[in-house]
Amino acid sequence: QRPKTAIICGSGLGGLADVLDNKTIFPCEDIPHFPRSTVAGHIGRLVFGDLSGQPCVCMQGRFHYYEGYSVSTVTFPIRVFFLLGVEILIVTNAAGGLNPHFQVGDIMFIRDHISMLGLGGQNPLRGPNDERFGVRFPCMSDAYEQDLLSLAMESAQELGFLSFVREGVYCLQAGPSYETIAECRALHALGGDAVGMSTVPEVIVARHCGLRVLGISLITNKAVMNYNSQEKANHEEVLAGELQLILELGKPLHPNAWVCIPLPS
Ligand SMILES: O=P(O)(O)O[C@H]1O[C@H](CO)[C@@H](O)[C@H]1O
């Protein structure tokens, strides 16, 4: 059965695929033209299986621009998903909280994004447009579907998760270095609530080919905004934070959390 939903697992979130039933697993290195995952916390395989009875595929490990891949190479799997018949993309990531009201362990449903890469000219759709996938100038004002966002929020409410569920704007910076204090302040002043190094190119390519997108950031650290702070962003904290989130906060990404999301039958 072909998957209707694809889930991209963010840093340390590969465990999301464990909830699939009847799994079939393909290492990315066995799939022609797939990039290789080089980052700790990104295993690099596609896990096909059933989620609440619906056929799904989980990408355990994504690809990032900072690994040396072009923005279009990191989005190659999205077009594979589209050609497989996927209709909904659930994209997850680990992110630093820019919004001072956000706490480590919060879940942020992505309302919108600001792409420092995109604004700087690194758009995955740059180059000749392949009409088989979509139009030359795709709209992005509706990138994160309101219906999916509302259903996810309702789901969170039903599960009693509202105390740690937020909604906000994800900022992409290229990485791999974390942001300076001035950069964090600037991104927050621009309207960003969380910052990371992924997701946006995937969303742009997904929207280009008409996939419906739900974006979820897990706030694994608070972005450092103050010169008196002793905090230092690091990947170990990012990975540890997420494990803790899954183990201790009532498994917010357990299939129940998707129960109200209209997976196509
Ligand atoms: O966005 P994901 O892949 O979840 O990972 C986030 O965590 C890493 C930094 O710790 C970066 O790759 C950043 O983008």
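These are questions and answers on how terms apply to this predicted model and its ligand.

User: What makes the contact between Ser 11 and the ligand a polar contact?

Analyst: A polar side-chain atom of Ser 11 lies 2.6 Å from an oxygen atom of the ligand. A polar contact is a pair of N or O atoms within 3.5 Å, so this pair counts.

User: Which part of Ala 94 comes up to an oxygen atom of the ligand, backbone or side chain?

Analyst: A backbone N or O atom of Ala 94 does, at 2.8 Å. For Ser 198 the atom is a polar side-chain atom, 2.5 Å from a ligand oxygen. Both values fall within 3.5 Å, so both are polar contacts.

User: How much of the ligand's accessible area does the protein cover?

Analyst: On its own the ligand has 340 Å² of accessible area, and the protein covers 96% of that.

User: Where does the ligand sit, and what makes "sits in" the right phrase?

Analyst: The ligand sits in the largest pocket. The phrase applies because more than half of the ligand's atoms lie within 2 Å of the grid points of that pocket.

User: How many residues surround the ligand, and what puts a residue among them?

Analyst: There are 13, and the closest are Ser 11, Tyr 66, Tyr 178, Ser 198 and His 235. Each is included because one of its heavy atoms lies within 4 Å of the ligand. Two elements, β5 (88–97) and α7 (235–248), each supply at least two residues of this shell.

User: How is the shell around the ligand divided by class?

Analyst: Five residues are nonpolar, seven are polar and one is charged. Tyr counts as nonpolar in this scheme, so Tyr 66 and Tyr 178 belong to the nonpolar group. Ser and His count as polar, so Ser 11, Ser 198 and His 235 belong to the polar group.

User: Why are Ser 11, His 42, Arg 62, Phe 63, His 64, Ala 94 and Ser 198 called a "binding site"?

Analyst: The name comes from UniProt, where an unreviewed entry lists them under it. Such annotations may be inferred rather than shown by experiment, so the label alone does not settle the matter. In the model they cluster in space, with a largest C-alpha distance of 13.6 Å, although they are spread over 188 residues of sequence. Phe 63, His 64 and Ser 198 are included in the lining of the second largest cavity. Arg 62 is found in the loop between β4 (54–60) and α1 (71–74).

User: Which other residues does UniProt give as "binding site", and where are they?

Analyst: The unreviewed entry places that feature at Glu 179 and Asn 221. They are spread over 43 residues of sequence, yet the largest C-alpha distance is 12.4 Å. The lining of the largest pocket takes in both Glu 179 and Asn 221. Lining residues have an atom within 4 Å of a grid point, so each of the two meets that limit. Glu 179 lies in the loop between β7 and α5.

User: How do you know that the peptide bond from Gly 175 to Pro 176 is cis?

Analyst: Its omega is near 0 degrees. Pro 176 is in the loop between β7 (165–172) and α5 (181–190).

Technical notes:
Residues are numbered from 1 along each chain as its sequence is written. This is a predicted model: local features need pLDDT of at least 70, side-chain atom pairs count only at pLDDT 80 or more; totals for chains, interfaces and linings use all residues. Side-chain values use heavy atoms; hydrogens and water are left out. A polar contact is a pair of N or O atoms within 3.5 Å; within protein, one must be able to donate a hydrogen and the other to accept it, and residues adjacent in sequence count only if both atoms are side-chain atoms. Accessible areas come from the Shrake-Rupley method with a 1.4 Å probe; for residues, only the protein chains shown count as cover. On a 1 Å grid over the protein atoms alone, a cavity is a set of points where a 1.4 Å probe fits but cannot get out, and a pocket is an open set with protein on both sides within 12 Å along at least five of seven lines; lining residues have an atom within 4 Å of a point. Helices (H or I, at least four residues) and strands (E, at least two) are DSSP runs, numbered from the N terminus.
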